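Dear colleague,

Please find below the structure that I am handing over to you. My notes on what was found in it come after the display.

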Amino acid sequence: MEGLCQGLLSLLGTNHVSQQWQLLRFYRQMMERLLERQEGANQQLREILKAEKDVAQSLLNARELACQGGAELQQIEAKFQKASEEDTHLKASLLQLTRELEDLKEIEDTREGS
């Protein structure tokens, strides 16, 4: 850019056609490089944006799976709680039946002993 500015200043002081053409070629080359770099930067930005979008989608999918897993875990916990309650009830019923059976055996033993 400094060379471009110096070239423009020299053009103002002189009227040489060859210097003008040389300066125009230099300016054109600078613009082409700028456009190439700008296109490269745009391509990198597009790639970064795509990567960010992919990561965001992955995070959304992971969150959805976590929510589904949480819901399934709650269902399993509810089933476990219900089974635990049924187990407690069955144990109490078994204990009651065992006592009744023992009482019946005592009554039978008492009748046989009399």
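The notes below cover the overall make-up, the salt bridges and the surface patches.

This is a predicted model, in which local features need pLDDT of at least 70 and side-chain atom pairs count only at pLDDT 80 or more, while totals for chains, interfaces and linings use all residues. Residues are numbered from 1 along each chain as its sequence is written, and side-chain values use heavy atoms, with hydrogens and water left out.

Overall make-up

The chain has two helices and zero strands; both terms refer to DSSP runs numbered from the N terminus, helices being H or I over at least four residues and strands E over at least two. Helix H2 covers residues 17–113. Of the 114 residues, 4% count as buried. Here buried means under 20% relative accessible area, exposed means over 50%, and partly exposed lies in between, with a 1.4 Å probe and protein chains only. The chain exposes about 10600 Å², of which carbon and sulfur atoms supply 59%. These areas come from the Shrake-Rupley method with a 1.4 Å probe, and for residues only the protein chains shown count as cover.

Salt bridges

Side chains of opposite charge can pair when their charged atoms come close. The criterion applied is a side-chain nitrogen of Lys or Arg within 4 Å of a carboxyl oxygen of Asp or Glu. A search of the whole structure finds four such salt bridges, among them the following.

- Glu-32 pairs with Arg-28, their closest N and O atoms being 3.3 Å apart. The two residues are four apart in helix H2, so about one helical turn separates them. Glu-32 is partly exposed at 39% relative accessible area, whereas Arg-28 counts as exposed at 56%.
- Arg-46 and Glu-39 meet through their side chains at 3.0 Å, N to O. Arg-46 is partly exposed at 42% relative accessibility, and Glu-39 is partly exposed at 44%.
- Lys-91 and Asp-87 form a salt bridge at 3.3 Å, N to O. Both lie in helix H2, four residues or about one turn apart. Lys-91 is exposed at 54% relative accessibility, and Asp-87 is partly exposed at 37%.

Surface patches

Patches are built from residues with over 30% relative accessible area and no salt bridge; like charges are joined within 9 Å, and nonpolar side chains (Val, Leu, Ile, Met, Phe, Trp, Tyr) within 5 Å.

A nonpolar patch consists of Tyr-27, Met-31 and Leu-34, which together have about 270 Å² of accessible area. Leu-34 is found in helix H2, as is Tyr-27. Tyr-27 is partly exposed, at 40% relative accessibility. Its C-alpha lies 9.6 Å from that of Gly-3, although Tyr-27 and Gly-3 are 24 residues apart in sequence.

A patch of negative charge gathers Glu-100, Glu-102, Asp-103, Glu-106, Glu-108, Asp-109 and Glu-112 on the surface. Lys and Arg count as positive and Asp and Glu as negative, while His and the chain ends are not counted. The place of a charge is taken as NZ of Lys, CZ of Arg, CG of Asp or CD of Glu. Within this patch, Glu-100 belongs to helix H2 and is partly exposed, with a relative accessible area of 38%.

With kind regards
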